[in-house]
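Work through the exercises below with the sequence and the 3D view open. Try each task before you read its solution.

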Amino acid sequence: MPRRFLAVLALPLALAACDTPHSGAAGASLPRPKPPVVTVETGPDARTAAANFLAVAQDMEPRIESECLARSRGRRNCDYQVMVDERPEPQPNAFQTMDARGRPIVAFNLALIAEARNRDELAFVMGHEAAHYILGHLEQKTSDASKGALILGALAAASGADADGVAQARDFGAAMGARAYSKDYELQADALGTVIAWNAGYDPERGALFFTRLPDPGHSFLGTHPANGERIAIVHRVTAALRRGTFHGF
């Protein structure tokens, strides 16, 4: 089913006053805006949830683009767009993707926008998803899957499997390869997402409380996400270093 998006930043932004500039050279240090006023902690109504999302999107987009430009040194398309996935899915979800022209997109579905208790949670999730592209995880996962398919396909062929058996082995190898480093990628995105949210004036530790309301994947061998406690610990460590002024990147 094709995705249908609504480009929220094209909507009037009267609901979301913002002091953050929207431009800056690669690596430039943008001034941190004042911390946002969090208006809700539980069950935001539809209007408040929409206002929170619009405000966070406007705050975060220039910070994401600045981080992308600084790390890629202009070699990647950093013209980010924050969008809403309008499909009626019941489970909260956000994801990083690219459009047909290679423009990076961070998309939130309506369920996640409604579920977020405050702007810090929205900012943290937005930073996390953007970090996957900035860190090259999309390409790395594709490469991991290709390597897994090649290795298991070759092993199956060497063992005398027929064409169907080799194809099945390749499919299994691709799935295994894509999962091999997925937990590491998630933790890396949590760390960079923490930095991006912090630089935009949000509280990443408060934002990471979003994990406390998600099912815990634990430490399953084939799981794609690390345990929630492990992710929260990463956010705590990075935030503590940012508060002390001792964070020097990674």
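Three exercises follow, each with a worked solution.

This is a predicted model, in which local features need pLDDT of at least 70, side-chain atom pairs count only at pLDDT 80 or more, and totals for chains, interfaces and linings use all residues. Residues are numbered from 1 along each chain as its sequence is written, and side-chain values use heavy atoms, with hydrogens and water left out.

**Exercise 1. Find the disulfide and give its handedness.**

Step 1. Count the pairs of cysteine sulfur atoms within 2.5 Å, the cut-off for a disulfide. The count is one.

Step 2. Name the pair. Cys-68 is joined to Cys-78, with S to S at 2.1 Å.

Step 3. Place both ends. Cys-68 lies in helix H1 (residues 46-72), and Cys-78 in the loop between H1 and E2, 10 residues apart. Helices (H or I, at least four residues) and strands (E, at least two) are DSSP runs, numbered from the N terminus.

Step 4. Read the torsion. About the S-S bond of Cys-68 and Cys-78 it is about -70°, so the disulfide is left-handed.

Step 5. Check burial, which means under 20% relative accessible area (1.4 Å probe, protein chains only). Cys-68 has 1% relative accessibility, so Cys-68 counts as buried. Cys-78 is buried too, at 6%.

**Exercise 2. Describe the surroundings of strand E4.**

Step 1. Locate E4 at residues 104-109; six of its six residues are buried.

Step 2. Sort the directions. Pro-104, Val-106 and Phe-108 point one way, while Ile-105, Ala-107 and Asn-109 point the other way.

Step 3. Find the partners; strands pair if DSSP finds at least two bridges between them. Strand E2 (residues 81-85) pairs with E4 in the parallel sense over five bridges. There, Val-84 has Phe-108 as its bridge partner.

Step 4. Turn to strand E3 (residues 94-98). E3 runs antiparallel to E4, joined by five bridges. Phe-95 is opposite Ala-107.

Step 5. Trace the connection. E3 and E4 form a hairpin with five residues between them, and Gly-102 in the turn has a positive phi of about 85°.

**Exercise 3. Describe how H6 and H8 cross.**

Step 1. Take the axes, which are lines fitted to C-alpha atoms over the stretch in contact, with angles from 0 to 180 degrees between N-to-C directions. Those of H6 (residues 182-199) and H8 (residues 228-244) come within 9 Å and cross at roughly 40°.

Step 2. List residues in contact (heavy atoms within 4.5 Å). Among them are Leu-187 and Trp-198 of H6, and Ile-234 and Leu-242 of H8.

Terms used
Buried < 20%, exposed > 50% of the residue type's maximum accessible area, 1.4 Å probe, protein only.
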